[in-house]
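Reader: I'm new to this one and would love a close look at a single part rather than a quick tour. Could you take me through how its strands are arranged, and then through what goes with them?

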Amino acid sequence: MSEDRKRSYDDDGQQFPRKERRTGKVIKILCPYYCTGAVIGTKGAAIDGIKQESGTNIQVSKGAARFPKTDERVIAISGELEGQMTVIQFVQNKIRTEKPSPQAKGVRFDRVDARKSICKIVVSDQSVGKLIGKGGANVNRLKDDHQVKITMTKPADAVPGLSERIVAVEGDDKGVDNCVAEVIKEVYEDDRVNMDYNLDYNQFQMDRGYSSDRGGYSNNRGGGGGGGWRDLKDRFFLSFRFVSGSARLMRRRVRV
């Protein structure tokens, strides 16, 4: 079988092996969809290069796939701590330097510059408590040490059934990079945590609002959503057709 037939292709040209061996722990980073082309590179050259340099496995969510309640794609990184940090830094540098095309659809150009100062990491629910610390001691220390703002997905905004939360770190480049490195280290060294390498969030998708500038969720529909409503509408009409069909069948039996 030819090599082309063994692989599937992303809309950005990235080649995805059908099965990729996962080794080491997993961390995820969110990436604006208009930056993923730069992360992947022409025919996957950029992402293949960083895989080789870092010794990690990397997967990027497919073109239309987004992390729930956001308009951002997900990059999962599996490997050793140093390699994960290398990839996170690589992705964040692309976010800081890549400019969306003026013709790009759905881009909130008023938020592009603000997004450059934020790194959004996806961690397990179990990691959040450790990052916050008793009475918020750890997260406050991180803020003070690195002069950054840190926000996490609030329990009220969490997606039902999804045991992952966003940790957003905002500030100048050096402060963000140093803080994120410390966050990743704390998550990596927690033996209780084992993040899922999965990038299929279809079952969790609802109306897609844009994430706020600091990593939380907003209620804006902003032109990016509609999937959740369509699913609800389809289920409603399916139920209506089922009930109507059952009613017609009962009437036929009564006539007989």
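Author: Let's begin with the contacts that link parts of the chain separated in sequence. If you take contacts between residues at least 6 apart in sequence, 73% of them join residues at least 24 apart. Please keep in mind that this is a predicted model. Its chain holds 9 helices and 8 strands, and of its 256 residues, 45% are buried.

Now to the part you asked about. Six strands, in the order S4-S5-S3-S6-S8-S7, make up an open sheet with antiparallel pairing. At the edges you will find S4 and S7 (149-152); each has a single partner strand, so one side of each has no neighbour in the sheet. From one strand to the next, the twist averages 25°.

A good place to settle in is S5, which covers residues 72-79. Of its 8 residues, 8 are buried, so the rest of the structure largely encloses this strand. On one side, S5 pairs with S4 (residues 57-60) in the antiparallel sense, through 4 bridges. One pair to look for there is Val60 with its bridge partner Ile75 in S5. S5 also pairs with S3 (residues 25-32), again in the antiparallel sense, and here there are 8 bridges. Two pairs can guide your eye along this pairing: Lys25 stands opposite Gly79 of S5, while Lys28 has Ala76 of S5 as its bridge partner.

Next comes S3 itself. In S3, 7 of the 8 residues are buried, so this strand too is largely enclosed by the rest of the structure. Besides S5, S3 has S6 (residues 118-124) as an antiparallel partner, over 2 bridges. Ile29 is bridged to Ile121 of S6, and Lys28 has Val122 as its bridge partner in S6. Lys28 is therefore a handy landmark for you, with a bridge partner in S5, namely Ala76, and another in S6, namely Val122.

S3 also brings us to the cysteines, since Cys31 falls within residues 25-32. What keeps Cys35 from being bonded to another cysteine? The closest cysteine sulfur to that of Cys35 belongs to Cys31, and at 5.0 Å the gap is too far for a bond. With a cut-off of 2.5 Å between the sulfur atoms, the count of disulfides comes to 0. Cys179 is not in a disulfide either: the nearest cysteine sulfur is that of Cys119, 9.3 Å away. Cys35 has 0% relative accessibility and so counts as buried, and Cys179, with 0% relative accessibility, is buried as well.

From the strands we can move to a helix that lies across some of them. H6 (residues 125-132) lies across S6, S7 and S8 (164-170), and runs at about 120° to S6. H6 also meets another helix, H7 (residues 137-146): their axes come within 5 Å and cross at roughly 70°. Crossing angles of 65 to 115 degrees count as roughly perpendicular, and H6 and H7 are therefore described that way. On the H6 side the contact is made by Lys130, Leu131 and Ile132, and on the H7 side by Ala137, Asn138 and Val139.

Some of these residues turn up again around Glu186, a residue of helix H8 (residues 173-188). Setting aside neighbours within four places in sequence, Glu186 is in contact with Lys130, Leu131, Asn138 and Arg141. With Asn138 there is a polar contact, side chain to side chain, at 3.0 Å. Is Glu186 buried or exposed? Its relative accessible area is 14%, which is under the 20% limit, so Glu186 counts as buried.

To finish, follow the chain beyond H8. In the loop between H8 and H9 (227-255) sits Gln203. Gln203 has a relative accessible area of 67%, so it is exposed, whereas Glu186 is buried. Gln203 and Leu162 are 41 residues apart in sequence, and their C-alpha atoms are 9.5 Å apart in space.

Key. Residues are numbered from 1 along each chain as its sequence is written. This is a predicted model: local features need pLDDT of at least 70, side-chain atom pairs count only at pLDDT 80 or more; totals for chains, interfaces and linings use all residues. Side-chain values use heavy atoms; hydrogens and water are left out. Buried means under 20% relative accessible area, exposed over 50%, partly exposed in between (1.4 Å probe, protein chains only). Axes are lines fitted to C-alpha atoms, for helices over the stretch in contact, and angles run from 0 to 180 degrees between N-to-C directions. Contact means heavy atoms within 4.5 Å. A polar contact is a pair of N or O atoms within 3.5 Å; within protein, one must be able to donate a hydrogen and the other to accept it, and residues adjacent in sequence count only if both atoms are side-chain atoms. Angles under 35 degrees count as roughly parallel, over 145 as roughly antiparallel, 65 to 115 as roughly perpendicular and the rest as oblique.
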